[in-house]
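Here is a friendly walk through one structure for anyone meeting it for the first time. Have a look at the picture, then read on.

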Amino acid sequence: SLYHSADVEVPAACAILIFLFALQHYGTHRVGFLFAPVVITWLLCISAIGVYNIFYWNPKVYQALSPFYMYKFLKKTQKGGWMSLGGILLCITGSHTSTNADLIVSGSEAMFADLGHFSQLSIKIAFTFVVYPSLILAYMGQAAYLSKHHILESDYRIGFYVSVPEKIRWPVLVIAIFAAVVGSQAIITGTFSIIKQCSALGCFPRVKIIHTSSKMHGQIYIPEINWTLMLLCLAVTVGFRDTKRMGNASGLAVITVMLVTTCLMSLVIVLCWHKSVFLAILFIFFFGSIEALYFSASLIKFLEGAWVPIALALIFSAIMYVWHYGTLKKYEFDVQNKVSINWLLALGPTLGIVRVRGIGLIHTELVSGIPAIFSHFVTNLPAFHQVVVFLCIKSVPVPHVSPKERFLVGRVGPKEYRLYRCIARYGYRDVHKDDLEFEKDLICSIAEFIRSERAECSIPILDSENDERMTVIGTSSSNLEGIRMHEDGDVDSSEIVGTSEPRVAKSPEKVRKRVRFIVPESSQIDNGVKEELRELMEAREAGMAFILGHSYVRAKKGSGLIKKIVINLGYDFLRRNSRGPTYALSIPHASTLEVGMVYQ
């Protein structure tokens, strides 16, 4: 028939794939309401066709459900029967009947890993009471039809469609295409969820993650993975050009997942459920032996397409191993070279260097402790800013963070050191403000912390060497009773700390931006707080420098050849081509200074 011509199938499949992947950045929530009706329609369709074929061609086919016939078949055919298991495996991966249902179930399982789309109970109910019975009825219907119509091996591709009554064959094809698109969408979205978790665990290079829904955290879009997956799908479609080799590839992948899941499930029985080791051994022996039988039969199809999942698995495993190994070694270097608070106290208030006017913002991913980049900077340069802020920008797994809880502000060391720590928190759907707004909110949060340092709304962040207490501070727009900052472009005579404070005249200077803090009239502040606020104000006038760490990871001298290849070539290549840290993408870049460090 027309739709089984390779000249039509391959271009049509490629066009559908390109269209499907091009729509991913809009998110699944826009068309998600169509998924359930399409899937239910497809499952009911194959169930109805199966029931029709059973009663019309061979009502006694239900007897084939007995495992006795499987045992009898393998006993009679022996090696030939074992080799045919690889083809039987296509019933859950490659045939026209179940491909869509299998895609949907596999995608749902993958998406469940992130709990962003379906619950565990919904997947159990759907598979047990809808998907599985539909597949059983469909295959029993095919078996009933084939028992009366022997089809040649060369016609295996149309085994399902020839069993469909001719009058409804084209409508069934249309429904099958829509169901295949829905199933493919489930696999794509599941892939996004798995990559996101691997990246969060440090097992995969950082990628750009776009949250397409403000209500469901699990609905995400990853551009790099989306286009890579599209190219791989197109390559397999054009390269294989038939469903037999695709089925062999998919079959080996699916049975390998089943086998690995069984092995991991035995660990869950012992470590999570605290059952006996004997029960775990019985579990893996019973299910593992069956799956190992199918797995060994699938390996026979290695040269007929089954090599594809193995090759891809090796490539992605190598990428994940190199990235995880390099990240782990880099973290160990950070821990070993972490600057202690005692080192800071020994330097004294001046830190042993010249403190110049201005604010130095040191960006770090550490929420406690002093990053090595700071000691590296002050050790190699004779001067630093009079006010130092260790800034950490964190993304939290909620849609929005209230502006009233945007910042956590604390102090590092004694007051006279003028060292502060600020953690800015953003939800995954929050819009980061522009540079000037962010600077203003940051300075106001530090000023408000200085004014209300003894407030009770503090959060302890424990450190082995220093117990830092962080105070929750909102943005200037959300905290109407807090300190407000006003910047003038034409004031050259004074700064004001408090509305009741007199103006302090300064020597005439050229016209430039002046900064003043407006303190609520009801606020009572002592001279020490006034002086600290005045220093912060002067430092803000002098300007802000944004200091970023730029690490170069190299293998130690004397390392083996493999380690040098992994670190100097593999990890370095992945680091240079992966997405930078979140904080590096969310800061002003007008006065940015990168400090390079070599990690051995």
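## Two loops with an unusual twist

Let's start with a loop: Arg-418 sits in the stretch between β5 (407-411) and β6. Before going further, keep in mind that this is a predicted model. Arg-418 has a phi near 55 degrees, which is positive even though the residue isn't a glycine. In general, most residues other than glycine have a negative phi. Is Arg-418 buried or exposed? With a relative accessibility of 12%, Arg-418 counts as buried, because the cut-off for that is under 20%.

Gln-78 makes a good partner for this story. Its phi is also near 55 degrees, again positive in a residue other than glycine. You'll find Gln-78 in the loop between α3 (67-77) and α4 (79-88). Here the surroundings change: Gln-78 has 59% relative accessibility and so counts as exposed.

## Spans listed in the record

What does the UniProt record say about this chain? Its unreviewed entry lists residues 6-26, 33-55, 125-147, 168-188, 220-240, 252-271, 277-295 and 307-326 under "transmembrane region".

Two of those spans are worth a peek in the model. Residues 33-55 are 91% helix and 0% strand, with 35 Å between the end C-alpha atoms. Residues 125-147 come out as 100% helix and 0% strand, and there the end C-alpha atoms are 32 Å apart.

## Helix α2

Helix α2 covers residues 35-57, which makes 23 residues. At 1.5 Å a residue it should span 33 Å, and its end C-alpha atoms are indeed 33 Å apart, so the two values agree.

Which residues of α2 are buried? The list runs Val-38, Val-39, Trp-42, Leu-43, Cys-45, Ile-46, Ser-47, Ile-49, Gly-50, Asn-53 and Ile-54. A general point helps when you read a list like that: an α-helix has 3.6 residues a turn, so residues three or four places apart point the same way.

## Helices α9 and α10

Helix α9 takes in residues 243-271, 29 of them, and reaches 41 Å from its first C-alpha to its last. That is close to the 42 Å expected at 1.5 Å a residue. Its buried residues include Gly-247, Asn-248, Leu-252, Ile-255, Leu-259 and Ile-269. Leu-264 belongs to α9 as well, but Leu-264 counts as partly exposed, at 48% relative accessibility.

Leu-264 also has a link to Ile-284: the two are 20 residues apart in sequence, yet their C-alpha atoms are 9.3 Å apart in space. Over in helix α10 (residues 277-299), there's a bend of about 35 degrees at Gly-288. Gly-288 is buried in α10, and so are Ala-280, Glu-291, Ala-297 and Ser-298.

## Strands side by side

Strand β3 (residues 354-363) has two parallel partners to point out. One is strand β4 (residues 383-396), paired with β3 over eight bridges; the other is strand β11 (residues 544-553), paired over four. Leu-361 shows both contacts, with Val-389 as its bridge partner in β4 and Phe-546 as its bridge partner in β11.

β4 also runs parallel to strand β6 (residues 419-427), and nine bridges join them. Lys-394 stands opposite Arg-425 of β6. How enclosed is β4? Ten of its 14 residues are buried, so β4 is largely enclosed by the rest of the structure.

## The largest nonpolar core

The largest nonpolar core has 31 residues. Those touching the most other members are Leu-344, Ile-362, Ile-370, Phe-374 and Phe-384. At least two core residues come from each of α11 (307-336), α12 (341-347), α13 (372-380), β4, β11, α16 (561-577) and β12 (592-599). Which element gives the most? That's α13, with five residues.

## Cysteines

How many disulfides are there? The count is zero. Cys-422, for one, is in no disulfide: the nearest cysteine sulfur belongs to Cys-392 and is 9.3 Å away. Cys-422 counts as buried, with 0% relative accessibility. Cys-444 is buried too, with a relative accessible area of 3%.

How values were computed:
Residues are numbered from 1 along each chain as its sequence is written. This is a predicted model: local features need pLDDT of at least 70, side-chain atom pairs count only at pLDDT 80 or more; totals for chains, interfaces and linings use all residues. Side-chain values use heavy atoms; hydrogens and water are left out. The expected span of a helix is 1.5 Å times one less than its number of residues. Buried means under 20% relative accessible area, exposed over 50%, partly exposed in between (1.4 Å probe, protein chains only). UniProt positions are given in the numbering used here, feature names are shortened, and annotations may be inferred rather than shown by experiment. Two strands pair if DSSP finds at least two bridges between them. The bend at a residue is the angle between axes fitted to the seven residues ending there and the seven starting there. A disulfide is a pair of cysteine sulfur atoms within 2.5 Å. A nonpolar core is a set of buried Ala, Val, Leu, Ile, Met, Phe, Trp, Tyr and Cys residues joined through side-chain atoms within 4.5 Å.
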